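Biologist: I'm new to this one. Can you put it up and walk me through a few spots?

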Amino acid sequence: MKKKVEQYMKQWKMISPGDMVIAGVSGGADSVCLLVLLDMLRKEWDFSLTVVHVNHGLRGEEARRDEEFVKSFCKGLDVPCSVTRANVRKLAGEWRCSEEEAGRMVRRQAYEEAVRKYGGNRIALAHQQDDNVETFLLNAARGSRLKGLGGIYPVKGLYIRPLLCVSRREILDFLEERNLPFCTDSTNEEDEYTRNRIRHHVIPLLEREVHAGAVSHISSAMEYLREVEAYLERQEEAACRNCLVKEKGQIRLLQQPWEELEPLIGDRVLQRALVLAAGKARDIGAVHVESLGNLLRGQTGKRLSLPYSVEGVKGYGEVVLGKKQETAGRKRQESEKETVLPIKAQPQGSLRAGKLQISWRVFPRPEILEGIPKKTYTKWFDYGIIKDNISIRTRMAGDRIAVDREGHRQKLKSFFINEKIPAEERNSIPLLAEGPEILWIIGYRQGSTCQVTQETSVILEITILGGAEHGRED
């Protein structure tokens, strides 16, 4: 099996000499197999290896057992091991998502934090063929498009998955031949999760009643679908350059070049336009794509309401997509666009807003809070208080900022006057806002609304870089 995995890693150019690989290891069979194989290859391929183990705090003594096992196993291999502990059940409630989703977010944060801490440039995870087939069946049952049917990709950004070429059975045989121990997660034996039901009932039925090589054959079909998706993405990119224009915080969708596209590519362009206008992909489905296509072919002046407060307006030979104004009276004092930070859909990321580079990350509050950053252009916020995505923008009529813990607010205009900020500069000062609530006058003052306290359990960190006057890191 080592040769098979090694060839697969070379095919996908997963690791190069000098790389620092962060391996996610739970202690289960798959991750132990991954760790052992990487340990075998690290000297041959000249790369460094560090393990990250995440204790989700869900299984009590069993979770502590897994943590100790991973630390001991890594010590035996002389591989550094870092442990992250989190209360996933509590975080799921605060983030308003399932425990499964919260666990994924916590793991991703732990891996990417290790990349920053240890200088890593690859994150290796232990997904294998059976996991991928489960993903395919789950996505197919839910009506997924082509990308979802391609399942888990071997390489995506920093993430690599060397075991996607082997089955669970091959992994268990590999461990048994070498008499290697591993931990068993008792929750994997339950049918509470949909994925477990597919694993325990659907896949065995396919292999027993349809074809003994069902997992391998479906996996091969998924590789082909990924190749088709990659080709279509290239066609989509070219079409978007001709059909979509970003302008003043809006997306203009041009009718004439769009009508020349094949329907398959045309639908993908509509989907891309919706996602760009909304700032999110979730909950944007086929019905919205179809409605937008009908609007584009319809009469001038027609309007269409879409998810995330996006509105489409048919003009002459185009549809303009943009956010609806919250109220008629709250107008921009300048035409600079508002840049939404999708913190609810993406717990870590970065983007540009004019001359500014904005980075953010959401992470559990450390058990021991040694101090809140006092930097002018890095601020911490209580993530649990923030109800929606926030944005970087300039001032609007009615803006206010909380000045104390009791909730007293001051008009932004009064703040500028008190600080003796020249009138000609006020409209260019960037603000971090949640609706009309100003969370941070960037470069000057953080509001009191979402400041971190002893009751904070999840922290949002935002760092601003760039610009001639605003955003110098200090």
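Modeller: We'll go through some salt bridges, a strand, a charged patch and one helix residue. Keep in mind that this is a predicted model.

Biologist: Start with salt bridges. How many does the structure hold?

Modeller: The structure holds 36 salt bridges.

Biologist: Pick one. Which residue does glutamate 67 meet in a salt bridge?

Modeller: Lysine 71. The distance is 3.6 Å, N to O. Both residues lie in helix H3, which covers residues 61–77. They are four residues apart, about one turn of the helix.

Biologist: Is glutamate 67 buried or exposed?

Modeller: Glutamate 67 is buried, because its relative accessibility is 4% and the cut-off for buried is under 20%. Lysine 71 is partly exposed, at 31%.

Biologist: Which other salt bridge does lysine 71 form, with a glutamate three residues apart in H3?

Modeller: That one is with glutamate 68. The closest N and O atoms are 3.1 Å apart. Glutamate 68 and lysine 71 also sit about one turn of helix H3 apart.

Biologist: And how accessible is glutamate 68?

Modeller: Its relative accessible area is 46%, so glutamate 68 counts as partly exposed.

Biologist: Why would such side chains pair at all?

Modeller: Opposite charges can pair when their charged atoms come close.

Biologist: Move to helix H5. What does glutamate 113 pair with?

Modeller: Glutamate 113 forms a salt bridge with arginine 116. The closest N and O atoms there are 2.7 Å apart. Both residues lie in helix H5, residues 99–118, and are three residues apart. Glutamate 113 is partly exposed at 32%, and arginine 116 is partly exposed at 42%.

Biologist: Which residues do salt bridges with shared partners join into one network?

Modeller: Asp130, Asp131, Glu134, Arg168, Arg195 and Arg199.

Biologist: New topic, strands. How many residues of strand E22 are buried?

Modeller: Seven of its eight residues are buried, so E22 is mostly covered. The strand spans residues 458–465.

Biologist: What joins strand E14 to E22?

Modeller: Eight bridges do, and the two strands run antiparallel. E14 covers residues 356–364. For a single pair, take valine 362: its bridge partner in E22 is leucine 460.

Biologist: How many bridges join strand E15 to E22?

Modeller: Five. E15, residues 378–382, runs antiparallel to E22. Aspartate 382 stands opposite isoleucine 459 in E22.

Biologist: How do side chains point along a strand, in general?

Modeller: In a regular strand, they alternate between the two faces of the sheet.

Biologist: On to the surface. Which residues form the negative patch?

Modeller: Glu189, Glu190, Asp191 and Glu192 form that surface patch.

Biologist: Where is glutamate 189?

Modeller: In the loop between helix H8 (168–177) and helix H9 (194–210). Glutamate 189 counts as exposed because its relative accessible area is 56%, and exposed means over 50%.

Biologist: Last one. Where is serine 220?

Modeller: Serine 220 is in helix H10, residues 214–243. It is partly exposed, with 44% relative accessibility.

Biologist: And how far is serine 220 from valine 202?

Modeller: Their C-alpha atoms are separated by 18 Å. Along the chain, serine 220 and valine 202 are 18 residues apart.

How values were computed. Residues numbered from 1 in each chain as written. Predicted model: local features only at pLDDT ≥ 70, side-chain atom pairs only at ≥ 80, totals over all residues. Heavy atoms only, no water. Patch = residues over 30% accessible without salt bridge, like charges linked within 9 Å, V, L, I, M, F, W, Y side chains within 5 Å. Areas by Shrake-Rupley, 256 points an atom, 1.4 Å probe, with all protein chains shown as cover. Salt bridge = Lys/Arg side-chain N within 4 Å of Asp/Glu carboxyl O. Lys, Arg positive; Asp, Glu negative; His and termini not counted. Charge placed at Lys NZ, Arg CZ, Asp CG, Glu CD. Buried < 20%, exposed > 50% of the residue type's maximum accessible area, 1.4 Å probe, protein only. Pairing = 2+ DSSP bridges.
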